[in-house]
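Open the model in a viewer and keep the sequence panel visible. The stops below are given in the order in which to select them.

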Amino acid sequence: MPVASIVKIFAEVAKERENAGERREFTRFEVSLNVRIARLPNFREPQPQAEDTTADVIATSGALVRSLMAVDKGEIIEFAIDAGGSSFKTRSEVMYVSTGAGPGLDGVQRLGLKFLDAPLPESFIPPDARPLP
């Protein structure tokens, strides 16, 4: 199939989602998954900083993760899950940082992550996970 045809199909699907009021490509799920995030080593910080934490929301394209790390939007960090003898690891971009401050919020910082290397296999989404609108 020519590239132009594929691009046209994706554009049509995106337009249909937009017309239906849906901007998300993948279904998100409310979960409580143990995950590990780590700052990638670089010339300023040769030792990677890592944190075992919890993902509150997961999708094949990204996650919403609790974190105590001081990170900025746009930073690239590693995301990993080990569950049931299987593991998944990818670089992820910090799309936003939510401080959790304000009326009715719990004060816990959360990171909105977008997976860069590979989508999360659906086998890592628990069968009892609740789909989010």
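## Overall layout

Begin with a cartoon view: the protein has one helix and seven strands. Followed along the sequence, these elements run α-β-β-β-β-β-β-β. The model is predicted, and a colouring by confidence is a useful second view. The mean pLDDT of the protein is 83, and 80% of the residues score at least 70. Confidence is lowest in helix α1 (residues 3-19), where the mean is 53, and highest in β6, at 96. Select residues 1-7 next: pLDDT stays under 50 there, and the model has two contacts for this stretch beyond four places in sequence.

Now colour by accessibility. Of the 133 residues in the protein, buried ones make up 31%. How much of the contact set joins residues at least 24 apart, among contacts between residues at least 6 apart in sequence? The share is 56%. Several of the stops below are pairs of this long-range kind, among them Arg110 and Asp56, which are 54 residues apart.

## Salt bridges

The whole structure holds seven salt bridges. Three of them are visited here, along with one network.

Select Arg39 and Glu75. They form a salt bridge, with the closest N and O atoms 2.8 Å apart. Arg39 belongs to strand β1 (residues 29-39) and Glu75 to the loop between β3 (62-66) and β4 (76-83), so the bridge ties together parts that are 36 residues apart in sequence. Are the two residues buried or exposed? Arg39 is buried, at a relative accessible area of 15%, whereas Glu75 is partly exposed, at 21%.

Move to Arg110 and Asp56. Their closest N and O atoms are 2.6 Å apart, and the two residues form a salt bridge. Arg110 sits in strand β6 (residues 110-115) and Asp56 in strand β2 (residues 50-59), so distant parts of the chain, 54 residues apart, are linked. Arg110 counts as buried because its relative accessibility, 14%, falls under the 20% limit. Asp56 is buried as well, with a relative accessible area of 14%.

Keep that pair selected and add Arg66 and Asp106. Asp56, Arg66, Asp106 and Arg110 are linked in a network of salt bridges.

The next selection is Arg91 with Asp117. This salt bridge has its closest N and O atoms 2.8 Å apart. Arg91 lies in strand β5 (residues 86-98) and Asp117 in the loop between β6 and β7 (130-131), so the pair joins parts that are 26 residues apart in sequence. Arg91 is partly exposed, at a relative accessible area of 38%, and Asp117 is also partly exposed, at 46%.

## A buried acid without a salt bridge

Select Glu51, which is found in strand β2. Which side chain of opposite charge is nearest to Glu51? It is Arg39, 8.5 Å away; Glu51 is buried yet has no salt bridge. The 8.5 Å separation is beyond the 4 Å limit for a salt bridge, which is why this pair does not count as one.

Show the polar contacts of Glu51. Its side chain makes one with the side chain of Ser67, at 2.8 Å. Then display the surrounding residues: leaving out those up to four places away in sequence, Glu51 touches Val35, Arg36, Ile37, Arg66, Ser67, Leu68 and Met69. Arg66 was also a member of the salt-bridge network with Asp56, Asp106 and Arg110.

## Aromatic rings

For the last stop, show the aromatic side chains. There are four aromatic pairs. Start with Phe79 and Phe115: their ring centres are 4.8 Å apart and their planes meet at 40 degrees, so the pair is tilted. Phe79 is in strand β4 and Phe115 in strand β6, and the pair links distant parts of the chain, 36 residues apart. Both Phe79 and Phe115 are buried.

Keep Phe115 and swap Phe79 for Phe88. What arrangement do the rings of Phe88 and Phe115 adopt? With centres 5.7 Å apart and planes at 65 degrees, the pair is edge-to-face. Phe88 comes from strand β5 and Phe115 from strand β6, which places the linked parts of the chain 27 residues apart. Phe88 is buried, as is Phe115.

Finally, select Phe79, Phe88, Phe115 and Phe124 together: they form one aromatic cluster.

Definitions and conventions. Residues are numbered from 1 along each chain as its sequence is written. Side-chain values use heavy atoms; hydrogens and water are left out. Helices (H or I, at least four residues) and strands (E, at least two) are DSSP runs, numbered from the N terminus. Buried means under 20% relative accessible area, exposed over 50%, partly exposed in between (1.4 Å probe, protein chains only). pLDDT is the predictor's confidence in each residue, from 0 to 100. Contact means heavy atoms within 4.5 Å. Rings of Phe, Tyr and Trp (its six-membered ring) pair if their centres lie within 6.5 Å; planes under 30 degrees apart count as stacked, over 60 as edge-to-face and the rest as tilted. Lys and Arg count as positive and Asp and Glu as negative; His and the chain ends are not counted. A polar contact is a pair of N or O atoms within 3.5 Å; within protein, one must be able to donate a hydrogen and the other to accept it, and residues adjacent in sequence count only if both atoms are side-chain atoms.
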